Amino acid sequence: MNDLLYTKLALPQPGAPLVRRPRLLARLDAGFARRLTLVAAPAGYGKSTLVAEWLAARQQPAGAPVQAAWLTLDAGDNDTGRFWGYLVAACQRLHPRALDAAAALLPGPQPLQIEPLLTALLNGLIGLPGRSVLVLEDYHTISAPEIHATLAFLIERLPATLHLLIMTRDEPPLPLARLRAGGDLSELRAGDLRFTPAEIRTLLQQALAAPLPPELLGQIAERTEGWPAGLCLATLAIAQGAAPHEAARALAALAGSHQHIAAYFAAEVLAAQPEQLQRFLLATSVLDRLSGELCDAVAGGEAGQATLEAIERANLFLTPLDGERRWFRYHALFAEAMRQQALARFGAAHVRELHARASRWYAAQGLLADATEAALAAHDFEAAAGLIDQLSELGQMRFEVYTLRRWAEQLPPAVLARHPAVCLAYAAALLFSEDRAAPATLRLIEGPLELAERGWMRAGDERRLGTALALRALAIWWQGQRRQSGRVARRALALLPAGEHHWRSIAVMQVSLDELDHGQLRAAEEQLLEARALFEASANGYGVRAATLTLAEIAIQRGELDQAGAIYAQVLAEAADDPIDQGHALIGRAGLAYLRDDLRAAEADLARALALAEQCVTSDGSRMTDAALFIPASLLRARASIARGAWPEAQPLLGLLAGRALQHPDPQLRRAVQAAQAELALALGDMVAVQRWANAAAQPGDDVARFEQEREALIVARWLIAQGEQTAAVRAIEHWLADARAAGRGLSEIALLALLALAQAGSHPHEAAEALRLALVRAQASGAWRVFLDHGAPMAALLAGAARSLAASDPARALAERLLARFPSAPANAAPPRALPGALDTLAEPLSPQEQRVLRLLGAGLSNPEIADELVVSVNTVKTHVQSIYRKLGVNSRREARALTRAPRDTR
């Protein structure tokens, strides 16, 4: 996490209180035993003063010592990465070493994955010595739902070592009712913070030189209603009044609202100051935090530090932020009132100039994020864009996506167009703050991404054009445009220099995936090894694991199952805090267990992977099922159910997957689900359904991987064998067998040889026996038993023949005998039921790409005219697509069609 403003982490230094409030300190002491203390009241109720006094009292010899961390929030913290970066930095002040693992996961070279960060943070907090408290001040400035959701996740799992105290003006959207019911919440509200009559008398007696008449004391108590800021303002105005009527006039103002009171008294306070001090107060009111040097830069002059110290001594609503009293801030109400006065007295143009001066000072200190905020407040959009340029080049804001997006959206289009780097940052922010797989996301990023590409083409900047192309390759890969992604990534690599590790790693990874999709295992492996090295060089642990997991896929396709197992074990050990990568490794390991006929182990790993998919917390804080986990895990689960003979379990699961896959833009996932349904239909003997699927799958399309095409071809070959068309089946199998051997797909070679033996058994028994023997020899080392077992009784018969005819010394014979022992004796498995009521209801004719788009829009609740506008077609065309969708899905209404696009939350 870069560019932290450490004054946000400073504990306020309490002054000597005029009135001690032991009743409230006792309330805070009592709440310390609970999970959360909420101090919620409007501005001016003394929240920060009270908490600072309480923490100071806790450090006294008589009190129970407590370690404290403090974080003052502001509107700029409405970015998940920035918020958690500051929160972890605050907690590091409690025990730096305990939170090293969490700090390593903060945004930097890699995107923020929130659940691993929260897990690491919670694990680190368990190791805190003694009891500690973390204070979040001004939580009302946070409006981002994802931050509320992730903070709620943290609160509900806080270890006993840490107490959280939140100060806010408004009721925060946190699970307060649940915490309250569980006895985990302590609350102080405005009514608790009001001064009692006794406290008012003590305050006025100590603040004023002369005692006030009892009737005046009563009026003050009545008018202020115990509001601390109102009391302080009243005493200050009365103390400055030279005559009784001045006090009366001050009290008359207390009849208005708190906002009006603050504005009135601020004006009165301001008018009583020397002209030079007035100008200083007004000029510096635009600053959230003040230092002497910063005030000199904004207000002019050289006495900023001395002036701040004088303001503090005069009790003009200034609070020190550090022990050295180098940084301060004005009371929020006072600052708001001063800003109104500054706008009225100086005019908008001069106020913007004050912000511009602050921006230049921040930039000179290297505080580029603060400089950007100030430049935007100054409406100096060109300067702001230049600062974002610098931040983008340095990589400091790469994954503070919500902040980058907020900044870019404030820039006029003409300014944005002149800054390609800002356009690229904006496009990346959009990609990582929206659903990357949604077509609407690609439409959002297309504009800024195209501006970036055009700008760098005009400038002849090939390196930066390469960065834009790398981002485009990643974006369109998420949209399922796999072949196009590979082509764009290769263009990017031709432009990116060797030292551009971050963007080259993305482009090389996309090229490797393209090679893998084409079935080119050797080329894919070379690219993956390069991508992994580049990810390591750019400290992107997530990218390293993604490349490593893909290397495991290559090992499986080669038939090197032991190597793949070692890779999955490595990833599981390294990704303990990353549910997505952990889920992928579990699915991979389950696939290995399935191939080795260890169905119990496979289903145990799949259950864990599906639980992770359901529990994922994304960077925007929402709970969702990750389709990249859910669909492959559920497909493998259905296959395991079929292998156990549990046919009724597989059908509804595949039906659920059909609805889920229809919403996903990746054609490969959709086709995998449809192929699995065809396999189930084949097992149940519904040849008409398989033929309907085979006709639709005959044109695989450009974005379907070679491995998926091969799988579909094997299903078609099995269907041909079942139809008695062995010659056509043999021809197809031999074509794919040659392709698999040329590409080094060892596991495919075993499966194809086994299927070839089945196809030739009736007409060419000698050739069938040799094909089976070769398959057994290849499988001996890998242990891929399900390649044979999944063919049921026909394969059992072939294996029995091999066990009789092969020489006793032939290792293929020993394996044939072992496999025969694994076939279940129950006839139901070898001969599944010919019909299962409702089993094939979900095996509808696949939807066309345009029909899939229409269905997604139907699921979103759009009307036919709205869908027509979205797809730029006529309403009649939409009606035609809708009727076709109804027919293929077997539904009669929009409601039923939408229901198919919404999957239940739990399938277990």
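How many disulfides does the count come to in this structure? The model is a predicted one, and in it the count comes to 0 disulfides. Two of the cysteines can nevertheless be placed with respect to the surface: cysteine 91 has a relative accessibility of 1% and therefore counts as buried, and cysteine 423, at 0%, counts as buried too.

Before going further into the fold, it helps to know how far the prediction can be trusted. The protein chain has a mean pLDDT of 84, with 86% of its residues at 70 or more. Confidence in the chain is highest in helix H18, with a mean of 96, and lowest in helix H44, residues 827-830, with a mean of 41. Two further stretches call for caution: over residues 617-625 the pLDDT stays under 50, although the model has 34 contacts beyond four places in sequence for them, and over residues 902-908 it also stays under 50, with 15 such contacts. Where pLDDT is low, the predicted coordinates should not be read in detail.

The interior can be approached through the largest nonpolar core, which has 253 residues and in which Trp84, Leu87, Leu136, Tyr139, Leu151 and Phe788 touch the most other members. Leucine 151, once its neighbours within four places in sequence are left aside, is in contact with Trp84, Leu87, Leu136 and Tyr139, and also with Leu164, Ile166 and Leu174. A second core, separate from this one, has 24 residues, including Val39, Leu50, Trp54 and Val66.

Val39 leads on to strand E1, residues 36-40, of which 5 of the 5 residues are buried, so that the strand is largely enclosed by the rest of the structure. Both of its faces are covered, since Leu36, Leu38 and Ala40 are buried on one side, and Thr37 and Val39 on the other. E1 runs parallel to strand E4, residues 162-168, and 5 bridges join the two; within this pairing, valine 39 has methionine 167 as its bridge partner. E1 also pairs in the parallel sense with strand E5, residues 185-189, over 5 bridges, and there the bridge partner of valine 39 is leucine 188.

Another sheet, an open one of 3 strands, has the order E6-E8-E7 with antiparallel pairing. E6 and strand E7, residues 318-320, stand at its edges, each with a single partner strand, so one side of each is left without a neighbour in the sheet. E6 and E8 are joined by 2 bridges, and serine 291 stands opposite tryptophan 327 in E8.

Two strands of this sheet, E6 and E8, are among the elements against which the buried residues of helix H15 pack, together with helices H14, H16 and H18. In H15, residues 292-299, the buried residues are Gly292, Leu294, Cys295 and Val298. These residues lie on the same side of H15, because they cover an arc of only 160° around the axis. The helix is followed by glycine 300, whose phi is positive, near 85°.

A last position to look at is threonine 548, which is found in helix H29, residues 541-558. Its relative accessible area is 3%, and threonine 548 is therefore buried. Not counting residues up to four places away in sequence, threonine 548 touches Arg532, Ile567, Gln570 and Val571.

Notes: Residues are numbered from 1 along each chain as its sequence is written. This is a predicted model: local features need pLDDT of at least 70, side-chain atom pairs count only at pLDDT 80 or more; totals for chains, interfaces and linings use all residues. Side-chain values use heavy atoms; hydrogens and water are left out. A disulfide is a pair of cysteine sulfur atoms within 2.5 Å. Buried means under 20% relative accessible area, exposed over 50%, partly exposed in between (1.4 Å probe, protein chains only). Helices (H or I, at least four residues) and strands (E, at least two) are DSSP runs, numbered from the N terminus. The arc is that of the directions from the helix axis to the C-beta atoms. Contact means heavy atoms within 4.5 Å. Two strands pair if DSSP finds at least two bridges between them. pLDDT is the predictor's confidence in each residue, from 0 to 100. A nonpolar core is a set of buried Ala, Val, Leu, Ile, Met, Phe, Trp, Tyr and Cys residues joined through side-chain atoms within 4.5 Å.
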